[in-house]
Amino acid sequence: MIRNARIELSAAGLSSITVDGLPLKGVRALSLDADMDERPVLRLELAVHDISTLAETLIHIPDGTAATLVALGWTPPPAQEVS
């Protein structure tokens with residue numbers, strides 16, 4: 001799926017990313033590959049926490065990250081509330 005992204009980076013380390021006009025939250029890191037005569041590829045590392053035990057694994061997706069995933073087309077499982 002092709003989307004339009006806008007990345008703003010400052011020398012002070014402040015940044016913002018919007019995709020199709022929606023601000024993304026929960027982004028830990030990004031990389032951008034742009035080869036000549038090819039579409040650029042933006043890769044985002046999102047904040048997701050794996051809370052593991054011997055009996056089960058629970059993956060917690062912070063609210064900002066879940067909202068970003070939904071904005072990018074993710075359908076959350078029924079138990080995941082997204083605000």
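Guide: A strand here is a DSSP run of E with at least two residues, a helix is a run of H or I with at least four, and both are numbered from the N terminus. By that assignment Ile7 lies in strand S1. The model is predicted, with local features needing pLDDT of at least 70 and side-chain atom pairs pLDDT 80 or more, while totals for chains, interfaces and linings use all residues. Residues are numbered from 1 along each chain as its sequence is written, and side-chain values use heavy atoms, without hydrogens and water.

Visitor: What makes up the secondary structure of the protein?

Guide: The protein has one helix and seven strands. Along the sequence they follow the pattern β-β-β-β-β-β-β-α.

Visitor: Why does Ile7 count as partly exposed?

Guide: Ile7 has 31% relative accessibility. Buried means under 20% relative accessible area and exposed means over 50%, with partly exposed in between (1.4 Å probe, protein chains only). A value of 31% falls between those limits, so Ile7 is partly exposed.

Visitor: Which residues form a nonpolar patch on the surface?

Guide: The patch consists of Ile7, Leu9, Leu30 and Leu32, which together have about 350 Å² of accessible area (Shrake-Rupley method, 1.4 Å probe, only the protein chains shown counting as cover for residues). Strand S1 (5-9) and strand S4 (27-33) are the elements that give two or more residues to it. Patch members need over 30% relative accessible area and no salt bridge; nonpolar side chains (Val, Leu, Ile, Met, Phe, Trp, Tyr) are joined within 5 Å, like charges within 9 Å. Ile7, at 31%, therefore passes the area cut-off.

Visitor: Why is Thr65 called buried?

Guide: Its relative accessible area is 0%, and the cut-off for buried is under 20%, so Thr65 qualifies. Thr65 belongs to helix H1 (residues 63-71). Beyond its neighbours within four places in sequence, Thr65 is in contact (heavy atoms within 4.5 Å) with Lys25, Gly26, Leu46, Ala47 and Val48. Of the 83 residues of the protein, 14% count as buried.

Visitor: How do you know that Arg3 forms a salt bridge with Asp20?

Guide: A salt bridge requires a side-chain nitrogen of Lys or Arg within 4 Å of a carboxyl oxygen of Asp or Glu. The closest N and O atoms of Arg3 and Asp20 are 3.1 Å apart, so the pair meets the rule. The two residues are 17 apart and link distant parts of the chain: Arg3 is in the segment before S1, and Asp20 is in the loop between strand S2 (15-19) and strand S3 (22-23). Arg3, at 28%, is partly exposed, as is Asp20 at 40%.

Visitor: How many salt bridges does the rule count?

Guide: The count comes to four. Among them is Glu8 with Arg6, whose closest N and O atoms are 3.0 Å apart. Glu8 is partly exposed at 41%, whereas Arg6 is exposed, since its 54% is over the 50% limit.

Visitor: What makes Asp33 and Arg43 a salt bridge?

Guide: Their closest N and O atoms are 2.3 Å apart, which is within 4 Å, so the pair counts. Asp33 lies in strand S4 and Arg43 in strand S5, so this salt bridge ties together parts that are ten residues apart in sequence. Asp33 has a relative accessible area of 38% and is partly exposed; Arg43, at 44%, is partly exposed too.
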